[in-house]
Amino acid sequence: MTSLEKAQAIVKILDKKKGRDIQLLEIANLSTLGDYFIIVTGGSNTQVKSLADDVDDEMHKNYAVDPTRIEGQQTAQWILMDYGDVMIHIFQEEARSFYALERLWNDAPKVDISDLLIKE
């Protein structure tokens, strides 16, 4: 599974589980942290935790892929899931606004994910 395929699979999981304002940023040419950042908002501590749990469960079950590290589960204001080449940032709205990763990484190209999202 390529890093893009992994990122796309994660975007689909987050969208299916009602994650809001999903962004996929390509960071490969800007950082050694990985190839992609996924940024998503959950509406509450419970939803933030649930999004992280669902990604973890579905990636393991469907692709036999596990994160190398998960941080922030205690407070669930911001959970970071590290899949090596893909990093997922699951925020509550206030934390997402405060840390503003999209502005911090504004040089990173946004990947068009419109074809991955459920049409309502």
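The exercises below work through the sheet, the helices and the cores of one predicted model.

The model is predicted, so local features need pLDDT of at least 70 and side-chain atom pairs count only at pLDDT 80 or more, while totals for chains, interfaces and linings use all residues. Residues are numbered from 1 along each chain as its sequence is written, and side-chain values use heavy atoms, with hydrogens and water left out.

**Exercise 1. The sheet**

Find the strand order of the open sheet and state which strands stand at its edges.

Solution. Step 1: helices (H or I, at least four residues) and strands (E, at least two) are DSSP runs, numbered from the N terminus. Two strands pair if DSSP finds at least two bridges between them. Step 2: the five strands follow the order E1-E2-E5-E4-E3, with mixed pairing. Step 3: E1 and strand E3 (69-71) are the edge strands; each has a single partner strand, so one side of each lacks a neighbour in the sheet. Step 4: from one strand to the next, the twist averages 10°. Axes for such angles are lines fitted to C-alpha atoms, for helices over the stretch in contact, and angles run from 0 to 180 degrees between N-to-C directions.

**Exercise 2. The helices on the sheet**

State which strands H1 lies across, and do likewise for H2.

Solution. Step 1: contact means heavy atoms within 4.5 Å. Step 2: H1 lies across E1, E2 and E5, at about 5° to E2. Step 3: H2 lies across E1, E2, E3, E4 and E5, at about 160° to E5.

**Exercise 3. The largest core**

Locate Val55 and list its contacts beyond four places in sequence.

Solution. Step 1: a nonpolar core is a set of buried Ala, Val, Leu, Ile, Met, Phe, Trp, Tyr and Cys residues joined through side-chain atoms within 4.5 Å. Buried means under 20% relative accessible area, exposed over 50%, partly exposed in between (1.4 Å probe, protein chains only). Step 2: the largest core has 26 residues, and Val55 is among those with the most contacts inside it. Step 3: Val55 sits in helix H2 and counts as buried because its relative accessibility is 0%. Step 4: its contacts are Ile10, Ile13, Leu14, Met81, Tyr83 and Ile88. Step 5: Val55 and Ile10 are 45 residues apart in sequence, yet 6.5 Å apart in space, C-alpha to C-alpha.
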